[in-house]
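Here are my notes for you on this structure. Keep the picture open beside you and look up each residue as you read.

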Amino acid sequence: MESVGYYILGVIVTIIVAFMVGMTYMGLSRKITARVQNRKGPPFYQNFIDAFKLASKETAIHHGFMHHAGPAFLMVASIMSVLIIPVLNDGKWFPNLNFDGDLIFLLYIMVFGPLGMALGAGQTGNPNSAIGVTRGLSQMVGFEIPWVMALVALMMQYQTTSLVDLMAVQQTTGWLMFSSPFAFLAAVLAMLGMFRYSPFDIVGAPTELASGPVSENGGKYLFTMMSSGSIFAFAKLTLYVDLFMGGADNLIELLIKTFTIYLIPMLYGMVSPRYRTEQAIRYFWGWPLFFGFLALVHAMVF
Amino acid sequence: METILTIFIIFIAGATGTYFLGKLSGILRSVIFITTLLVTSWLFFTAVSPDVIIEFEIMGILMSWGLTPLAYVFAIIVFGLAIIIGIYAIKAMEGQRSLNFFFANFLLSVMAMFGILISNDLISFFIFWEIMSWSSYFMVVLNHKDVQRSGITYIIFCVIGAYAMMMAIMIIYSYSGSVMIGDFISNFHAFSLGMKWLLPILLLIGFASKAALMPLHVWAPGAYSNSPMSYTALFSGALSKMGVYGMVIVMIMIVQQIPDGYWIKEVIAWLGGITSAIGTLWAIKQDDAKRMLAYSSVAQLGYIIVGVAIGTPLAMMSGLFLAVMHGIFKSTLFMVVGAIERQTGTSNFTEVTGLIRKMPWTFLAALMSIIALAGIPPLGGFIGKWMLYESLMGSNHYLLIIVIFFSSTAAFLYCYKFLFGFFLGQEEKEWSHVKEAPAMMVVPMIIMAILTFVLGVFPGLILKPINDGMQFLGYVSTDNRFWEMSTIFNDWGNQVVMEPIVYTIFAIFLFFLIFLTLKGYKNTRYVTTKDISSSGEIPREDENLTFITGFMQPFFRAVAPVMKRQIDKYYTSFGKGLEALFDFTRRIYTGNGQTYALYFVIFVILLLMFRDSLF
């Protein structure tokens with residue numbers, strides 16, 4: 001029973017860290033965007049205030065069971081990803097599920113949430129939600145291809161599908177972003193779509209779709225979605241650090257590395273207008289796909 | 001008497017009884033039908049063991065029947081599906097016409113599939129193959145709709161496959177003098193090099209036409225969508241697997257023996273990959289659920305064929321596992337469509353919406369099967385997909401894996417379209433009278449949905465017979481090397497442990513579900529789907545804002561270049577060319593005696609002119 005207790009403790013601590021970091025990053029991104037646009041902007045802890053406000057709302061409406069359970073599906077995906085992805089190097093963190101799932105499993109569990117969420121959004125009957133979902137899924141087909149190419153290149157080059165092994169490899173070879181540069185490029189370009197900042201924010205385009213899939217949600221539902229989003233953001237950033245930047249030995253190092261990675265989609269988004277869905281898909285099937293091919297060739301030759 | 005023979009006699013008696021006694025009363029027909037299926041399945045699961053072989057002679061040809069361990073895996077699919085779909089069919093087919101014929105034919109199909117699996121000689125294999133083709137053809141044209149297009153297309157591809165297979169059988173017999181499959185495999189090295197290439201290709205054409213491998217897949221959408229859904233569940237779930245069964249034997253036992261046979265494997269694997277990609281794209285485009293699922297079947301069989309063709313232990317395991325899983329979730333989906341069609345009268349996404357609150361159990365079955373189809377953990381489809389990817393990586397198929405990834409990611413689009421189109425969206429008054437399907441239809445669907453889950457958590461349950469079958473094919477046992485009851489490993493020793501993962505998923509889901517439900521329980525209320533905030537406007541009662549027409553339009557704008565080419569067009573122009581040729585022949589055979597006399601005169605003159613050089 002002790003191991004089960006330890007496991008649950010690990011899960012809870014990991015979730016809390018992921019939640020805090022994700023929320024702070026999102027707040028920081030709002031602040032930085034505002035400064036770039038020469039506004040004052042909200043304080044960096046604004047997202048915590050928003051989340052607290054949503055959580056303390058008493059009334060809520062729903063359109064049926066799937067809508068009611070949609071945020072729970074979303075949470076499953078976020079928390080499972082954060083449990084599969086090792087937070088620190090060499091088992092300096094709780095092992096969670098690091099050894100029970102591999103990269104392919106991770107790829108699939110990561111889409112579990114969006115699909116569950118899409119079902120919830122579908123039941124609301126709001127046309128904007130469904131339109132947003134179709135755009136989101138189409139865009140996902142777009143960025144998933146270069147992303148998978150990058151991962152396949154890494155996995156085949158180092159003959160392992162385990163994240164822990166890939167992190168161990170980097171202890172000897174150095175960061176994979178230098179030894180497999182093309183895979184890194186493809187993965188980073190795919191990341192732009194994964195984070196859904198501009199120019200790939202057509203899914204929830206605020207002025208056009210009234211936030212898309214999120215519309216019709218409020219109070220506790222929106223709170224759960226928001227928390228899930230920040231946990232998921234942390235999971236994705238940690239994944240990039242683990243895969244390409246040699247992981248991290250302590251939390252401070254992790255924070256520095258993840259924030260550096262986080263700046264890429266954020267800063268790219270600030271100077272970009274919004275793409276239509278087919279433009280977004282074609283974007284991912286252009287240069288990112290080319291770098292993906294180079295990565296595969298690189299993996300084949302070396 | 002041998003159990004196998006008993007099963008056959010029961011099937012034939014059952015089919016005859018269903019047909020003739022069914023004319024007396026409908027209840028009698030159902031009773032005979034379901035008893036036949038129950039007794040045969042019970043006999044199969046309890047009394048048939050894989051090592052009994054019976055031999056007898058008919059008209060001087062030695063026939064040999066017995067169940068190999070490989071066939072046992074497929075027989076599990078056939079009998080498991082037949083009994084569940086059979087129960088479903090009784091209620092689902094209520095009120096349709098030609099019921100006696102339908103149920104007798106259903107039994108004949110199951111019997112033919114069992115016959116294929118137990119045949120150890122090519123003659124009985126071919127006979128059962130033909131019975132299967134014909135019984136399924138009659139089902140395709142059962143409702144007298146679209147006979148010209150779907151029916152004829154289907155039977156043409158059946159015949160192409162059958163001719164190819166028959167040619168191969170004749171060659172084998174004339175060269176080696178034996179029609180035993182075992183003799184053929186052990187004597188294969190003695191054939192000439194040309195025959196070594198020709199025979200597997202002919203056999204593969206025969207099997208691939210049933211498994212709907214590109215470019216022989218043209219019949220599938222029409223045939224699957226045109227038969228009654230109660231049969232399509234069996235058609236796509238079990239019948240198409242007979243093609244896979246044949247391909248497994250050819251790929252492993254025969255192609256292995258060809259020098260440079262490696263290339264056949266690569267070509268078939270790539271065809272499988274392209275089939276899955278093209279099938280998926282076309283599935284997304286369909287507005288009719290039957291056609292969508294038909295294209296999806298084509299795509300899913302593509303994955304299975306990739307696994308079978310690659311042929312490493314992990315790949316073969318994934319192919320066979322996916323075959324079982326596809327049988328389960330695709331037949332459930334076809335049953336769901338059948339239930340919806342029965343309750344609403346249509347299977348078109350653009351017509352019917354918002355059924356989730358009216359048919360909740362059907363929705364649950366559909367949801368589970370769709371999750372399994374999409375390959376999302378923790379349901380069974382994931383295990384198969386995972387093994388397929390790992391095997392592709394372990395065997396250095398760098399590009400094929402990307403194709404497979406593309407098609408399985410794109411599959412999310414039609415998965416969502418299926419669920420959204422039928423169950424979600426705005427509820428309409430037009431469908432407010434719809435009730436849940438009868439229990440006899442819902443229970444089989446739910447059982448299948450639970451099966452997808454059980455096999456997802458404990459894949460070892462079905463990997464055990466698969467392992468036995470693979471050992472029969474000559475593989476080393478994969479037990480504890482690639483799988484345990486709840487764990488799967490890849491070529492490099494990395495693992496996915498399902499049990500803790502599943503428990504964690506459930507814990508998280510339940511925790512947040514309880515949180516969402518209990519928090520502010522009294523102040524949470526349900527509102528209808530008309531009560532929405534759509535740009536500040538509230539739709540009126542008669543307005544329907546569901547977005548379903550042109551559902552994935554932006555995606556198709558992106559992939560438009562791929563969709564332009566269609567294999568059907570090439571077949572049509574080939575057919576037109578043939579027609580022109582026959583027209584020309586028709587001008588020679590005018591039917592006029594005088595013309596024939598003229599031909600004769602010309603022939604004699606020619607003979608006289610060339611007599612020196614000819615004789």
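The numbered points below go from the whole model to its chains, and then to single helices and residues.

1. Let's begin with what kind of model this is. It is a predicted model, and the predictor gives the complex an ipTM of 0.91 and a pTM of 0.91. For chain B the average pLDDT is 86, with 99% of the residues scoring at least 70.

2. Now look at chain A as a whole. Its secondary structure consists of 13 helices and one strand. Starting at the N terminus, two helices come before the strand, and the elements after the strand are helices. The C-alpha atoms fit a box of roughly 55 × 50 × 40 Å along the principal axes. A compact globule of 302 residues would have a radius of gyration near 19 Å, and chain A agrees, because its own value is 19 Å.

3. How much of chain A is buried? Of its 302 residues, 59% count as buried. If you take the contacts in chain A with a separation of 6 or more, 80% of them come from residues 24 or more positions apart.

4. Chain B comes next, with 23 helices and five strands. Its radius of gyration is 27 Å, close to the 25 Å that the globule rule gives for 615 residues, so chain B is as compact as a globular protein of that length. Along the principal axes, the C-alpha trace of chain B spans about 105 × 60 × 60 Å. Here 52% of the 615 residues count as buried. Among contacts in chain B between residues at least 6 apart in sequence, 79% link residues at least 24 apart.

5. Chain B also has a domain assignment, which gives domain 1 (260–499) and domain 2 (564–614). Taken over C-alpha atoms, the centres of these domains of chain B are separated by 50 Å.

6. Where do the chains meet? On one side are 60 residues of chain B, in contact with 70 residues of chain A. The elements of chain B that give two or more residues to this side include α15 (380–394), α16 (398–423) and α19 (498–518). The most comes from α16(B), with 12 residues. By type, the residues on the chain B side divide into 40 nonpolar, 15 polar and five charged.

7. Helix α13 (residues 313–344) of chain B is a good one to check with a ruler. Its 32 residues should span 46 Å at 1.5 Å a residue, and its end C-alpha atoms are indeed 46 Å apart. Since 30 of the 32 residues are buried, α13(B) is largely enclosed by the rest of the structure. Just after α13(B) comes B:G345, with a positive phi of about 90°.

8. Do the same for helix α14 (residues 360–374) of chain B. Its 15 residues reach 21 Å from the first C-alpha to the last, close to the 21 Å expected. This helix is mostly covered, with 12 of its 15 residues buried; among them are B:F363, B:L367 and B:I371. The cover over the buried residues of α14(B) includes α13, α15, α16 and α17 (439–457) of chain B. After α14(B) comes B:G375, and its phi is positive, near 80°.

9. The loop between α14 and α15 of chain B holds B:P378. The peptide bond from B:P377 to B:P378 is cis, with omega near 10°. Another cis peptide bond runs from B:M214 to B:P215, with omega near 0°. You will find B:P215 in the loop between α8 (193–211) and α9 (219–226) of chain B.

10. That loop between α8 and α9 of chain B also contains B:A212, which has a positive phi of about 60° although it is not a glycine. Is B:A212 buried or exposed? It is buried, because 29 other C-beta atoms lie within 10 Å. In chain A, compare A:R196, also not a glycine, with a positive phi near 60°. A:R196 sits in the loop between α8 (181–195) and α9 (206–209) of chain A and is partly exposed, with 17 other C-beta atoms within 10 Å.

11. Finally, find A:F244 in helix α10 (residues 219–244) of chain A. A:F244 counts as buried because it has 25 C-beta neighbours inside 10 Å. Beyond its neighbours within four places in sequence, A:F244 is in contact with residues including A:W175, A:M177 and A:F184.

Note on methods
Residues are numbered from 1 along each chain as its sequence is written. Chains are lettered from A and ligands numbered from 1 in the order in which they are written. This is a predicted model: local features need pLDDT of at least 70, side-chain atom pairs count only at pLDDT 80 or more; totals for chains, interfaces and linings use all residues. Helices (H or I, at least four residues) and strands (E, at least two) are DSSP runs, numbered from the N terminus. The radius of gyration is taken over C-alpha atoms; the globule rule is 2.2 Å times the number of residues to the power 0.38. A residue is buried if 20 or more other C-beta atoms lie within 10 Å of its own, exposed if 12 or fewer, and partly exposed in between; C-beta atoms are placed from the backbone. Two residues are in contact if their C-beta atoms, placed from the backbone, lie within 7 Å. The expected span of a helix is 1.5 Å times one less than its number of residues. Domain bounds come from an automatic or database domain assignment. pLDDT is the predictor's confidence in each residue, from 0 to 100. Ala, Val, Leu, Ile, Met, Phe, Trp, Tyr, Cys and Pro count as nonpolar, Asp, Glu, Lys and Arg as charged, and the others, Gly among them, as polar.
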